[in-house]
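Here is a walk through one protein model, taken a sheet at a time. Keep the viewer open as you read.

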Amino acid sequence: MSDIGQKLAAIFQGEHAEHLAHIRSILALLENVAEAKGRTELDEAFRRAHSLKGAARAVDLAAVEGLASGLETLFARVREGALRLDQQSTGVIHQVLDASEDCMAAFREGRTPDTPAAALGAIAVLLGIEEPGPETPAEVQARGVPLAVLKPVEEMVRLPAENLDRLLRSTGQILSENLRQAEVSGELRALDGEIVAISAESIRFRKAAAAPLWRLAAQPEFSSVIRYIGFVEQKVRSLAAQSRATRLLQQRSEWNTRRSAEQLQRDVWSARMAPAEDLFEGFRRMVRDLARQENKQIDFRLSGSGVRADRIILQALKDPVMHLLRNAISHGIETPGERAGKGKPPMGSLILRLDSQRGRLIVEVEDDGRGVDLQQVASVLSEAEPGAHSPDELAQAIFRPGFTTSSSVNHLSGRGMGLSVVYETVHRLQGDVNLKPKDGPGASFVLSVPLSVSTSHLLLLSAAGQTFGIPTHGIERLYRVPLERVETLEGKPVVNLEEQPVPLYGLAQLLAIDALPALRGEVLPVMVLKSGVRRFAVWVDEFLSERDALIQELGMPCPATGNVSGGALLREGTVLVVLNPAGLVASCAGTSATPVPRKAQTQAPAIAPGILVVDDSITSRSLERSILEAHGYRVRTAVDGLAALELLRVEKADLIITDIQMPRLDGFGLVEALKADSRLNRIPVIIVSSLERAEDQERGLLLGADAYVVKRKFDQTQLLDAIRQMI
């Protein structure tokens, strides 16, 4: 095959998969439509079949061309109302699509595809005609379909997925390196401050020694000294100007680089997202084949159009979802005769639902078969673990390796590994799987995993003097529990949350850190982790802040407990360990509750940092003041820039938060005045303004502001986080 032919073949493979995926989606959409005639979706299906026929002819794949031609004729009959899109015709269409995929598989392996006689024969029987062959453009037009309507599919660029993965890792490294530039900015700011101080001292020296220098200048032996003093003063002034320009240039470069890298990361991340429905579309054929082997009638439905998730997540879920579908076919759905004896319709229902909620991909596999017999599960479990078991323990037992209630082993089930594979895979993805309670017959398994395993919204917390991050999707709720509310139940500590006793554990103990942290006060910071109906309270030293971070490998094997999922780089350049909520839940289930921590010895209270809030709006001033005081800061307020300068001359502040649009002296003028004053130029400044244009943000940072927060996107966590980094 020539180079051009190879390129055409590679393009056709992608186009073939795309056409088949769209046709299957249209069939799923029209399954419950009483009358398909006149539906615009049929026009799209017909167009797809016609385009596929032409593309197959271009690469000389006669088998695929013949199948596509038959589909084209079939969709034309349905569109004209001469044929109903019922169960029989839908089955023939799926048979043709499967045969087309078989032809493409042979083509990829370098084999000549066999003639798909069975699929072509099924079309001929359905249409009541001889075996269909390729149609001419005149025949297409004779059915009333102008060729002008048959537009080619939108051109797409296809590239290996590994390229996107490498690109995303590279953008993450750029962002990580950019985070270190904040430290460089701090060093340059300190250097600039030192040079400004030397310049100010030089000016004071010149003023104080003006008269002696004037007298010495008249004496020839001191003329060289006077010239040297002038030279040093000139160099100091020049160095001060150069230092300030360099600092502002570096600050501007850092800001632009960060914005570009973040946008690039968002774009690459969007490109990595794939339609979840398309990736699971191949299960339709698997279900039909297995149902035929098991002599069962199954109506399989796949719903969730529009749900997109990380391709890595979707690929990892293919095996778990396949195991659940195979279990439903083997264990769950009965034969037609058994269903008739129970008063059920002969055709069983098997549904694969896809949804996204709060950054999570929800996959549900539901059937209307026998369901999970918890009594039989209890009987099998009691052989290994005698005693009573709660319904929740029974529901979790079925995910253990080797656990099975099947008395026989066949090609589909009975070895007790299917559900354990589901649990272990989902666990590695920082997710959970549960047997969902169901009112009607059958069973429903729900898998919940992040839409992405790379970036996560983290809660930063401390335990045993160390800082950790944990994805917020695994936290049900945060509490601050007074120590007197910690009770003991059967010798183990519990806390009553919403009138329910919840066992209490310490994060340090779950992570096997040999330390019993002392509390700073009378309140216990507690996070509640939940998996299914199980809830566990985990206490920590302190809740710190929230961050969006790129989770990366630590460069070393993670603990076998599954409590650690990776690491993240913070803006200040430090690396923290990211915990796995599902792993912590599993650790809680297998660990005894933790003793209540001791109270720390009282120490002399430290003086809280002082912050000056400058804003002409009393509402904004009051809001910011209440937030800051609630977090222990001393707060003063000023109505504009001039009032702020007057207050600062009386008492300096540790940090200044200012608006821009104010009377007398606006925020830009205030920042400029602060940086020109040697007494005040080292005070960090945060601008909080409704002006969100990039030009305004750049101007504020170039004048010397240390951060810029837009009011429309105001997040008190972001503001508090910035304050903690500066003071």
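Two strands count as paired if DSSP finds at least two bridges between them. Strands themselves are DSSP runs of E with at least two residues, while helices are runs of H or I with at least four, and both are numbered from the N terminus. On that basis, strand 6 (residues 432-435) and strand 7 pair in the antiparallel sense, over 4 bridges.

A word on what you are looking at: this is a predicted model, in which local features need pLDDT of at least 70, side-chain atom pairs count only at pLDDT 80 or more, and totals for chains, interfaces and linings use all residues. Residues are numbered from 1 along each chain as its sequence is written, and side-chain values use heavy atoms, with hydrogens and water left out.

**The whole protein**

There are 23 helices and 23 strands in the protein. Of its 727 residues, 47% are buried, meaning under 20% relative accessible area, with exposed being over 50% and partly exposed in between (1.4 Å probe, protein chains only). Take the contacts (heavy atoms within 4.5 Å) with a separation of 6 or more: 69% of them are between residues 24 or more positions apart.

**The mixed sheet around strand 7**

Strand 7 belongs to an open sheet of 5 strands with mixed pairing, in the order 2-4-5-7-6. Strand 2 (298-303) and strand 6 are the edge strands; each has a single partner, so one side of each has no neighbour in the sheet. From one strand to the next, the twist averages 10°.

How much of strand 7 (residues 443-450) is buried? The count is 8 of 8 residues, so the strand is largely enclosed by the rest of the structure. In a regular strand, side chains alternate between the two faces of the sheet. Here both faces are covered: A443, F445, L447 and V449 are buried on one side, and S444, V446, S448 and P450 on the other.

On one flank, strand 5 (residues 360-367) runs antiparallel to strand 7, joined by 8 bridges. F445 is a handy landmark: V365 stands opposite it, and it is also the bridge partner of L435. S444, for its part, is the bridge partner of E366.

Two helices go with this sheet. Helix 12 (residues 311-332) lies across strand 2, strand 4, strand 5 and strand 7, at about 15° to strand 5; angles run from 0 to 180 degrees between N-to-C directions, with axes fitted to C-alpha atoms (for helices, over the stretch in contact). Helix 11 packs on the sheet too, touching strand 2 and strand 4 (348-357), and its direction makes about 165° with that of strand 2.

In helix 11 (residues 283-293), the buried residues are F283, R284, M286, V287, L290 and A291. They span an arc of only 165° around the axis, which puts them on the same side of helix 11; the arc is that of the directions from the helix axis to the C-beta atoms. After helix 11 comes N295, with a positive phi near 60°.

**The parallel sheet**

Further along the chain, another open sheet has 5 strands in the order 20-19-21-22-23, with parallel pairing. Its edges are strand 20 (634-638) and strand 23 (707-710); each has a single partner strand, so one side of each lacks a neighbour in the sheet. The twist averages 20° from one strand to the next. Strand 22 (residues 685-689) pairs with strand 23 over 4 bridges, and I687 stands opposite Y708 in strand 23.

Two helices pack on this sheet, as follows.

| Helix | Strands touched | Angle to strand 20 |
|---|---|---|
| Helix 19 (residues 618-630) | strand 19 (610-614), strand 20, strand 21 (655-658), strand 22 | about 170° |
| Helix 20 (residues 641-650) | strand 19, strand 20, strand 21 | about 135° |

Helix 20 also packs against helix 21 (residues 667-676), at an angle of about 30° and with the axes 9 Å apart. The two are therefore roughly parallel (under 35 degrees; over 145 would be roughly antiparallel, 65 to 115 roughly perpendicular and the rest oblique). G641, A644, L645 and L648 of helix 20 meet L670, A673 and L674 of helix 21.

**One exposed arginine**

R480 sits in strand 10 (residues 475-482). With 54% relative accessibility, R480 counts as exposed. Leaving aside neighbours within four places in sequence, R480 contacts V523, L524, P525 and F543. R480 and L524 are 44 residues apart in sequence, yet their C-alpha atoms are 5.5 Å apart.
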